[in-house]
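Colleague: Put the model up, please, and let's go through it piece by piece.

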Amino acid sequence: MPPLLFRPSLRSAALSISKLGAVRAYSSAIETVPLAFTRHDPPADSSKPAAPLGPLVILHGLFGSKQNNRSLSKAFAQRLNTPVYAVDLRNHGESPHIKHHDYEAMAADVEAFIGAHELPPSTVLMGHSMGAKAAMAVALRQPDLISRVIAVDNAPIEATLASGFGSYMRAMKHIESAKVKKQSQADEILAQYEKDIAVRQFLLTNATKVKGEEHIQWRIPVSILQSALDRMGSFPYHPDKIRCVKPALFVRGTRSHYVPDEVIPIIGQFFPRFTLKDIEAGHWVMAEKPAEFIDIVVEWLHSEQE
């Protein structure tokens with residue numbers, strides 16, 4: 001599995017509440033896009049009683065897509081006996097490309113998705129990394145849309161992204177300009193920027209061949225995401241201005257640097273009813289320890305119903 005793709009270096013004052021940035025009011029002027037998704041239903045012959053839980057919506061991280069969560073979604077559909085929606089966030093997977101890319105816009109897309117599919121307020125929202133911040137933004141902005149939020153290996157803080165991401169973007173542009181025809185040729189170029197084959201394989205899930213075109217292209221809009229990198233480290237809300245009192249589960253990898261102990265009080269200010277669970281893993285908690293992750297989530301969801 002890919003190791004940590006980027007390590008947020010917490011700014012010296014980032015752990016101070018006053019440095020988290022002022023809240024921005026929800027604006028209906030945000031242009032939303034219809035999100036691509038795959039719905040995974042529980043087995044038709046399931047003998048389990050209908051789940052009191054609502055559907056589960058899962059949001060991927062940066063450079064990811066709904067395909068990354070396919071196996072996990074099927075497992076949750078079966079274990080929870082409820083529909084699971086694996087979603088492509090804007091500028092990822094099969095969802096539309098649009099210049100505006102930040103957490104408020106991603107949250108607005110998800111809110112529109114929930115409304116368009118008439119999902120009930122019992123809906124559970126889960127996200128990993130970038131998707132975790134998007135999920136937290138929805139919970140803070142529109143808490144009545146969901147019953148619970150699950151944030152996987154990210155926290156509601158402002159942090160800087162490591163330089164590796166800029167390197168990946170340059171590699172992708174290099175591949176575009178080289179007009180390579182095979183994924184193996186794309187990997188040769190990518191190897192000049194990233195030695196870890198697992199990371200390269202993950203990034204290359206975004207490579208595709210468009211019908212009628214000879215050379216490899218990217219599913220993601222590289223230039224748009226490159227310009228949005230700084231915003232991906234941000235979090236535009238302040239716990240003195242906005243908070244969510246719905247149950248919240250934070251799952252972190254013990255070998256990851258995304259949720260250090262110092263930020264736990266900040267999580268509590270944004271989400272007073274939060275639970276923190278640790279898994280012996282890196283940033284890719286869901287991929288590295290899927291069985292343990294599923295058990296923790298299912299147990300927590302059931303405990304919240306009691």
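Modeller: Go ahead. Bear in mind that this is a predicted model: local features need pLDDT of at least 70, side-chain atom pairs count only at pLDDT 80 or more, and totals for chains, interfaces and linings use all residues. Residues are numbered from 1 along each chain as its sequence is written, and side-chain values use heavy atoms, with hydrogens and water left out.

Colleague: How many bridges join β1 to β3?

Modeller: Strands here are DSSP runs (E, at least two residues; helices are H or I, at least four), numbered from the N terminus. Two of them pair if DSSP finds at least two bridges between them. β1 and β3 run antiparallel, and the number of bridges joining them is four.

Colleague: Which residue in β3 does Phe37 stand opposite?

Modeller: The partner sits in strand β3 and has 1% relative accessibility, so it counts as buried (under 20%; exposed is over 50%, partly exposed in between, with a 1.4 Å probe and protein chains only). Its contacts (heavy atoms within 4.5 Å), leaving aside neighbours within four places in sequence, include Phe37, Val57, Leu59 and Phe113. The residue opposite Phe37 is Val87.

Colleague: Which strands are at the edges of the sheet?

Modeller: Seven strands make an open sheet with mixed pairing, in the order β1-β3-β2-β4-β5-β8-β9. An edge strand pairs on one side only, and that goes for β1 (37–40) and β9 (274–279).

Colleague: And what does the twist average from one strand to the next?

Modeller: Angles are taken between N-to-C directions, from 0 to 180 degrees, with axes as lines fitted to C-alpha atoms (for helices, over the stretch in contact). From each strand to the next, the twist averages 15°.

Colleague: What angle does helix α3 make with β4?

Modeller: α3 covers residues 130–141 and packs on the sheet. There α3 touches β2 (56–59), β4 (124–128), β5 (148–152) and β8. Its direction and that of β4 make about 145°.

Colleague: How far does α4 reach from its first C-alpha to its last?

Modeller: This helix has 15 residues, 164–178. Its expected span is 1.5 Å times one less than its number of residues, and the reach is close to that 21 Å expectation. Its buried residues include Phe165, Tyr168, Met172 and Ile175, and the reach itself is 21 Å.

Colleague: Which residue follows α4?

Modeller: Look just past the helix for a positive phi, near 50°. That residue is Lys179.

Colleague: Why is the pair of Tyr85 and Phe113 edge-to-face, and at what angle are the planes?

Modeller: Rings of Phe, Tyr and Trp (its six-membered ring) pair if their centres lie within 6.5 Å; planes under 30 degrees apart are stacked, over 60 edge-to-face, the rest tilted. By that rule there are ten aromatic pairs. Here the centres are 5.9 Å apart, and the pair is edge-to-face because the planes are at 80°.

Colleague: How many residues apart are those two, Tyr85 and Phe113?

Modeller: Both are buried. Tyr85 is in strand β3 (residues 84–87) and Phe113 in helix α2 (residues 103–116), so that distant parts of the chain are linked across a gap of 28 residues.

Colleague: What about Phe235 and Phe270: how far apart are their ring centres?

Modeller: Those planes are at 85°, so the pair is edge-to-face. Phe235 lies in the loop between α8 and β8, and Phe270 in helix α9, 35 residues apart. Both are buried, and their ring centres are separated by 5.6 Å.
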